[in-house]
Amino acid sequence: MYSQTNGDNTSEERRYFLSVLSTFESYEEQSIIRINRREKCLQSLPTDHRSWLTRYKEDLDAFKRCVYKNAEFIPIIVQHAYTIFDNVLCNDSSSHSETDVGTLSEGLDKVQSVFKQLMRDWSALGAAEREQCYNPIIEEVELYFPSDKYTLSEVNVLVPGAGLGRLAFEIATRGYSCQGNEFNLFMLIVSFYVLNLCKKVDEFTIYPWIHQYCNNLTAEQQMTSVTFPDVRPMPTPESKFSMTAGDFLEVYTNPDEWDCVATCFFIDCAANVVQFIELIYHILKPGGIWINLGPLLYHYSDIKYEKSIEPSFQVLCEVIQKVGFVMEKSQTGVKARYCQNPMSMLQYEYNSVFFVCKKPELVSSDSNKDVQN
Ligand SMILES: C[S@@+](CC[C@H](N)C(=O)[O-])C[C@H]1O[C@@H](n2cnc3c(N)ncnc32)[C@H](O)[C@@H]1O
C-alpha cells in the first residue's frame, strides 16, 4: 500500500530514515528535558514565589505523565516502520543503526506536531476541522464524478501533501480510486501505522497540545486528551487506496493521468507555487478537475536563502488561467482551522480560498506545455 518512488540514493535515504526513527525514540527524553528546564527555572525563583507556585509545580509533574503516555505510541510505530517500503530502507546490513545516526535537530518539533496532526485527522475532536477543510473538497469530487455517471473505482483522484491521509482515505471510502502523496517521513511512518495496522477504534490516547505552554486558561486545557482512530481505517480488499512517499514534484511526471487532484493546505508548501500549478495541470487528464482549499501561508517565505515567491491570490488566479485552467468556482473567506486546540485563548482561523478549476477537454497547443521540473 505504501510505495517509495524516488530512491536512487538508498544509503543516504536509509540514514535519514534511521535518524527519523531515532528522533521519534528521543521524544520522551527530549520532552522531559524541556519540562525539567522549567522546573529548574522554578527552583531558581525566590522562596515565596516558589511557595505561591506549588500548583504550577504539580502541573509540570502532570505534564510529564502526559508525555509518558504520548511516548507509549512511539515504540509501536517505530517497530512497524521497518515494514514500510518493502524494507528497501531497512535491510541494507552494510550500514548504520538508529543509534549511530543520531537525531534530527528540528525533529522534536516534528514529532510533537504529529500528535496534533493525529488529532486533526484521526480523532473525534478533529471532526470539526475535517468538516471545514475536507468536506467541501469531498462534496466537489462527488459533484463532478457522481456515481450515476461514473464507475467510481475508475475515477483516479490524487491528494498531494496528504499529511496523515484522512482526506485521501475519505475519498477512497466513497468508492473512488485515491492515492495520497506525502514526503515527510514523520507523517508517513505514523500514517502507515494508522492506515494499515490500527486494530480498533479509540485504541490510543494522546495529549496533542501538551507541548503548548502559552494561552491556557487552566493546565487541564493543556492536558486535553484525544483518542484515535475515531474509525477503523483498515482497507478492504476491493478498496483502491494507496499512498506514495516522495516529493510531489518528482514522483508525478506522467501527463494526462488523473481525473482529479485534490489539495488541502498544500499549495503554499511550494517555494515556487507556479511549479505546483503547472504540474497539476500536466498530470490531469483533459477535462480533469483540480479542487483546492487552504490559505497562502507560504512555507518558504521566511526561510533564509530559499528562493521563495509569495504571489497574492489575485495573481495566483491569473497564473492558474495562464497555465490553461478554466476557473469553475472560486470562494474566499472560507473558515478553516489547522490543528487548533479549541480551548486555547489563541484561536487561529484562516479565511481560506476554495476553488475548483478544470483542464479543458480540448487543450490548445500553447497552454499544454511540457512541465520543467
Ligand atoms: C500543511 S500540511 C497539510 C496536510 C493535510 N493536507 C491536511 O490538510 O491536514 C502540508 C503537507 O504537505 C506535505 N508536503 C509539502 N510539500 C510537499 C511535496 N513537495 N511533496 C509531497 N508532500 C509535500 C507536508 O509534509 C505536509 O504534510
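**Entry 1: the core**

I began with the largest nonpolar core of this predicted model. The core counts 83 residues, and I looked up which of them touch the most other members: Val-157, Ile-171, Cys-260 and Ala-262. I then asked which helix gives the most to this core. Helix H11 (residues 185-196) does, with ten residues. I jotted down a rule of thumb beside this: in soluble globular proteins, nonpolar side chains tend to be buried together.

Next I picked Ala-262 and listed its contacts, setting aside neighbours within four places in sequence. My list reads Ile-137, Val-141, Val-157, Val-159, Leu-167, Ile-171 and Ile-291. Apart from the core of Ala-262 I found another one, of five residues, including Phe-63, Val-67, Trp-209 and Ile-210.

**Entry 2: the whole chain**

I stepped back for the totals. The protein has 373 residues, and 36% of them count as buried. I get 15 helices and ten strands for its secondary structure. I also checked contacts between residues at least 6 apart in sequence, and 79% of these join residues at least 24 apart.

**Entry 3: two covered helices**

Helix H10 spans residues 166-173 and is mostly covered, with seven of its eight residues buried. I noted the buried ones as Arg-166, Leu-167, Ala-168, Phe-169, Glu-170, Ile-171 and Ala-172. Arg-166 and Glu-170 are on that buried list, and so is Ile-171, which I had already met among the core residues that touch the most other members. After H10 comes Gly-175, and its phi is positive, near 105°.

Helix H14 (residues 273-283) is mostly covered too: nine of its eleven residues are buried. Those are Val-273, Phe-276, Ile-277, Glu-278, Leu-279, Ile-280, Tyr-281, His-282 and Ile-283. What do the buried residues of H14 pack against? I found helix H13 (248-251), strand S7 (258-264), strand S8 (284-294) and helix H15 (313-323). Ala-262, whose contacts I listed above, falls within the span of S7.

**Entry 4: around the ligand**

I turned to the ligand and its shell of 18 residues. Gly-161, Gly-163, Asn-184, Phe-248 and Cys-269 come nearest. I wanted the make-up by class, and it is eleven nonpolar, four polar and three charged residues. Strand S3 (177-182) supplies at least two residues of the shell, and H13 also supplies at least two. H13 is familiar by now, as the buried residues of H14 pack against it.

**Entry 5: backbone oddities**

I reminded myself that most residues other than glycine have a negative phi, and most peptide bonds are trans. With that in mind I noted three spots.

- The peptide bond from Phe-228 to Pro-229 is cis, with omega near -5°. Pro-229 sits in the loop between strand S5 (226-228) and strand S6 (241-245).
- Asp-202 is not a glycine, yet its phi is positive, about 55°. I placed Asp-202 in the loop between H11 and strand S4 (204-206). Buried or exposed, I wondered? Asp-202 counts as partly exposed, because it has 15 C-beta neighbours inside 10 Å.
- Tyr-305, another residue other than glycine, has a positive phi near 65°. The loop between S8 and H15 holds Tyr-305. I count Tyr-305 as exposed because 5 other C-beta atoms lie within 10 Å, and the cut-off for exposed is 12 or fewer.

How values were computed. Residues numbered from 1 in each chain as written. Predicted model: local features only at pLDDT ≥ 70, side-chain atom pairs only at ≥ 80, totals over all residues. Buried ≥ 20, exposed ≤ 12 C-beta atoms within 10 Å, placed from the backbone. Helix = DSSP H or I, 4+ residues; strand = E, 2+ residues; numbered from the N terminus. Contact = placed C-beta atoms within 7 Å. Core = buried A, V, L, I, M, F, W, Y, C linked by C-beta atoms within 7 Å. Near = placed C-beta within 6 Å. Nonpolar A, V, L, I, M, F, W, Y, C, P; charged D, E, K, R; others polar.
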